[in-house]
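Work through the exercises below with the sequence and the structure open. Try each task before reading its solution.

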Amino acid sequence: MAKLNIRITYCQPCGHQPHAIQLANQLLGAYGLKFNRDMELTLVPVDQGEFDVFVNGTKVFSRYDAGRMPTAEEIQRAIEQLLVQQT
C-alpha cells in the first residue's frame, strides 16, 4: 500500500467534531495497523461550516459540495481509487 495522508477538516463551532471523530474511528477500524506503517490520519478544527476530507492533499469530499456529511464507505472508496491510481 502506498503512503497515504488523510486529513479531515471540520467546523469546531458548528459541532462537527463528533462526526469527524466517528469517521476517523471508522477509518482506523477499516485499515487497522496500516495507519502505523502506511497512513497518517489528522483531524483539523476549522470554522465557517467546513467538513472536508483530503487524501494526499486531494479533496475527496466537501460538505459544501455534497450538501451533507460523508459516509465512511464513501471515503474508503475514494482512498481505494487513489491507491489504484498510484500503482
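**Exercise 1.** In this predicted model, find which residues of S3 point one way and which point the other way.

*Solution.* Step 1: Phe51, Val53 and Val55 point one way from S3. Step 2: Asp52 and Phe54 point the other way. Step 3: recall the general pattern. In a regular strand, side chains alternate between the two faces of the sheet.

**Exercise 2.** Decide how far strand S3 is enclosed by the rest of the structure.

*Solution.* Step 1: strand S3 covers residues 51-55. Step 2: apply the cut-off, which counts a residue as buried under 20% relative accessible area. Step 3: five of the five residues of S3 are buried, so this strand is largely enclosed by the rest of the structure. Step 4: for comparison with the whole, 34% of the 87 residues of the protein chain count as buried.

**Exercise 3.** Which strands are joined to S3 by bridges, and how do they run?

*Solution.* Step 1: strand S1, residues 4-11, is joined to S3 by five bridges, and the two run antiparallel. Step 2: strand S4, residues 58-62, is joined to S3 by four bridges, also in an antiparallel arrangement. Step 3: take Asp52 as an example. Its bridge partner in S1 is Thr9, and in S4 Asp52 stands opposite Ser62. Step 4: look at the hairpin of S3 and S4. Two residues lie between the strands, and Asn56 takes a positive phi near 50°.

**Exercise 4.** Is Thr9 buried or exposed, and which residues does Thr9 contact beyond its neighbours within four places in sequence?

*Solution.* Step 1: place Thr9 in strand S1. Step 2: its relative accessibility is 4%, and buried means under 20%, so Thr9 counts as buried. Step 3: with neighbours within four places in sequence left aside, Thr9 is in contact with Val44, Val46, Glu50, Phe51, Asp52 and Phe54. Step 4: link this to the previous exercise. Among these contacts is Asp52, the bridge partner of Thr9 in S3.

**Exercise 5.** Describe the order of helices and strands along the protein chain, then judge how compact the chain is.

*Solution.* Step 1: the protein chain has four helices and four strands. Step 2: along the sequence they follow the pattern β-α-α-β-β-β-α-α. Step 3: the radius of gyration is 12 Å, close to the 12 Å that the globule rule gives for 87 residues, so the chain is as compact as a globular protein of that length. Step 4: along the principal axes, the C-alpha atoms fill a box of roughly 35 × 25 × 20 Å.

Methods. Residues are numbered from 1 along each chain as its sequence is written. This is a predicted model: local features need pLDDT of at least 70, side-chain atom pairs count only at pLDDT 80 or more; totals for chains, interfaces and linings use all residues. Side-chain values use heavy atoms; hydrogens and water are left out. The radius of gyration is taken over C-alpha atoms; the globule rule is 2.2 Å times the number of residues to the power 0.38. Buried means under 20% relative accessible area, exposed over 50%, partly exposed in between (1.4 Å probe, protein chains only). Two strands pair if DSSP finds at least two bridges between them. Contact means heavy atoms within 4.5 Å.
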